[in-house]
Amino acid sequence: MTLSELIKKNRSYRRFDASVRILDETLIELIDLARQASSARNGQALKYLLLNKKEDCDFVFPLLSWAGYLADWDGPSEDERPTAYIVVLKDTEITSNIHCDHGLAIQNILLGAVEKGFGGCIIGAVKKEAVQSHFNIPEHLEIMYILALGKPSEAVVLEDMKDNDIKYWRDENNIHHVPKRSLEEIIINKKQ
């Protein structure tokens, strides 16, 4: 796949094939991609908790909120749940401000996941205290996001935004539609 194809295939997947497990080695390879991302001031203050045991995934799942624009959907069914999670942590003993490091690292992780036939979703709506306590995460490691990972079992389609409506939606065939602004709208000095 070209970089352009990887980027277009890297969507926020929320439904997975729960029968396809993600191995420790794969998670470690994804973190190695994150480790190689650029870092503000080269501070490298991100740490990661890797979870792929079923009991750990079962614990984390109800602590997450899924797809805010889909008010009538409570998240993936049991056979569509992620089979791994990566907890992205900021080491506050290194810095209090990681600038854009988490975005760079997470993008590397997700592009690597897509290249390997997986996909993911960045989740910020997390019951962080419960995760911190259950996994004995030291206080100086602040939970930034949790990445839900698995083998996607849904189709996600990009489409042109209409009427400035940013809300994603699902059609009658359960295809997930994501509106995107046009190039003409986001490039302010584009030549005609």
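**Exercise 1. Find which elements the buried residues of helix H4 pack against.**

Solution.
Step 1. Fix the ground rules. This is a predicted model, where local features need pLDDT of at least 70 and side-chain atom pairs count only at pLDDT 80 or more, while totals for chains, interfaces and linings use all residues. Residues are numbered from 1 along each chain as its sequence is written, and side-chain values use heavy atoms, with hydrogens and water left out.
Step 2. Locate the helix. H4 covers residues 101–115. Helices (H or I, at least four residues) and strands (E, at least two) are DSSP runs, numbered from the N terminus.
Step 3. List its buried residues (under 20% relative accessible area; exposed is over 50%, partly exposed in between; 1.4 Å probe, protein chains only). They are Asp101, His102, Ala105, Ile106, Ile109, Leu110, Leu111, Gly112, Ala113 and Val114.
Step 4. Read off the partners. These residues pack against helix H1 (3–9), helix H2 (24–35), strand S1 (46–51), S2, S3 and S4. Contact means heavy atoms within 4.5 Å.

**Exercise 2. Compare the span of H4 with the expected value.**

Solution.
Step 1. The expected span is 1.5 Å times one less than the number of residues.
Step 2. H4 has 15 residues, and the expected value is 21 Å.
Step 3. From first C-alpha to last, H4 reaches 21 Å, close to that expectation.
Step 4. Check what follows the helix. Just after H4, glycine 117 takes a positive phi of about 90°.

**Exercise 3. Describe the largest nonpolar core and the place of isoleucine 146 in it.**

Solution.
Step 1. Define the set. A nonpolar core is made of buried Ala, Val, Leu, Ile, Met, Phe, Trp, Tyr and Cys residues joined through side-chain atoms within 4.5 Å.
Step 2. Find the hubs. The core holds 28 residues, and Leu64, Trp66, Tyr85, Val131 and Ile146 touch the most other members.
Step 3. Assign elements. Helix H3 (54–60), strand S2 (84–91), strand S3 (119–123) and strand S4 (141–150) each give two or more residues. S4 supplies the largest share, 4 residues.
Step 4. Expand one hub. Not counting residues up to four places away in sequence, Ile146 touches Val60, Leu64, Tyr85, Ile86, Val87, Cys121, Ile122, Ile123, Val126 and Val131.
Step 5. Look at the strand pairing. S3 and S4 run antiparallel and are joined by 5 bridges; two strands pair if DSSP finds at least two bridges between them. Isoleucine 123 stands opposite isoleucine 146 in S4. In S3, 4 of 5 residues are buried.

**Exercise 4. Work out which strands stand at the edges of the S5-S7-S6 sheet.**

Solution.
Step 1. Take the order. The 3 strands form an open sheet, S5-S7-S6, with mixed pairing.
Step 2. Name the edges. Strand S5 (156–160) and strand S6 (169–170) each have a single partner strand, so one side of each lacks a neighbour in the sheet.
Step 3. Check one pair. S5 and strand S7 (residues 176–180) pair in the parallel sense over 5 bridges. Glutamate 159 stands opposite proline 179 in S7.

**Exercise 5. Place glutamate 80 and list what it touches.**

Solution.
Step 1. Glutamate 80 lies in the loop between H3 and S2.
Step 2. Its C-alpha is 5.3 Å from that of aspartate 17, 63 residues apart along the chain.
Step 3. Beyond residues up to four places away in sequence, glutamate 80 touches Arg14, Arg15, Phe16, Ala18 and Ser153.
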